[in-house]
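Work through the exercises below with the sequence and the model open. Each task is followed by a solution in steps.

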Amino acid sequence: MINELLQEQIEYYQQRAPEYDEWFYRIGRYDRGAKHNQRWFDEVKVVQEALNELGTGHEILELACGTGIWTQKLLALGKTITAIDVSAKSISLNKRKVKSPKVKYQTQDLFEWEPDREYDLVVIAFWLSHVPPQKFDEFLDKVAKSVRSGGRLFIVDSRFHATATAKNHDYKNNDKIYQLRKLNNGDTFKVIKIYHSTEYIARKLSKLGFQTNANMTDRYFIYAVGEKL
């Protein structure tokens with residue numbers, strides 16, 4: 001069942017790539033009105049400021065780079081950026097958006113990815129919540145191996161809130177590890193989605209040798225910085 005879910009999730013993000021940014025920028029089905037939208041962007045700013053505090057000049061690995069929303073933000077921090085995603089369409093959009101020789105792309109399934117070097121900074125934006133429990137520890141272990149001693153790991157992901165997703169999504173935080181998500185054309189897919197607590201993330205990273213500061217914004221996001229000891 002897990003492998004089938006993962007394949008469906010890959011297909012969803014491949015097809016969703018051209019409309020993915022609508023979610024982040026609160027467009028169309030994701031437009032929740034001026035008040036909720038402004039709150040979203042205010043909380044994005046909080047996360048962005050935490051990321052910027054990590055400083056510049058890093059060799060960066062971005063896992064699940066998507067369409068380039070966070071790759072763009074990393075340009076100011078990175079000397080070089082290695083950006084990996086399973087969706088060729090997302091990487092194509094990322095390249096067109098970012099347009100930087102500092103970024104080297106790899107199209108790869110992160111569950112098959114193996115780290116081949118260490119980085120100063122590893123960034124995972126809105127991906128850990130899509131990792132099934134059966135693969136979570138194995139994936140985090142690989143992430144830890146990609147961070148050099150004294151380097152840092154930056155994570156941002158979703159909190160559960162009814163206004164975070166599209167208006168036509170059946171949005172529940174229940175005991176299932178997946179949710180039903182729709183494309184603009186109405187096609188429906190099962191997507192793994194697990195809302196992790198800051199305590200859970202900090203505990204997992206501590207076991208892997210990170211000193212972690214995990215936080216959450218008022219409504220929409222959790223974010224964490226782990227320094228590898």
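**Exercise 1.** Find the bridge partner of Glu 62 in strand 2, then describe how strand 1 pairs on either side.

Solution. The partner of Glu 62 in strand 2 is Ala 83. Strand 1 and strand 2 (residues 78-85) run parallel and share six bridges; strands here are DSSP runs of E, at least two residues long, and helices are H or I runs of at least four, both numbered from the N terminus. Two strands count as paired if DSSP finds at least two bridges between them. With strand 4 (residues 119-125), strand 1 also pairs in the parallel sense, over four bridges. There, Leu 61 is opposite Val 122.

The model is predicted: local features need pLDDT of at least 70 and side-chain atom pairs pLDDT 80 or more, while totals for chains, interfaces and linings use all residues. Residues are numbered from 1 along each chain as its sequence is written, and side-chain values use heavy atoms, without hydrogens and water.

**Exercise 2.** Decide whether strand 1 is largely enclosed or open to the outside.

Solution. Of the six residues in strand 1 (residues 58-63), five are buried, so the strand is largely enclosed by the rest of the structure. Buried means under 20% relative accessible area, exposed over 50%, and partly exposed in between (1.4 Å probe, protein chains only).

**Exercise 3.** Give the strand order of the open sheet and identify its edges.

Solution. The seven strands follow the order 3-2-1-4-5-9-8, with mixed pairing. Strand 3 (103-107) and strand 8 (210-216) are the edges; each has a single partner strand, so one side of each lacks a neighbour in the sheet. For strand 3, five bridges join it to strand 2 in parallel, with Lys 104 as the partner of Thr 82.
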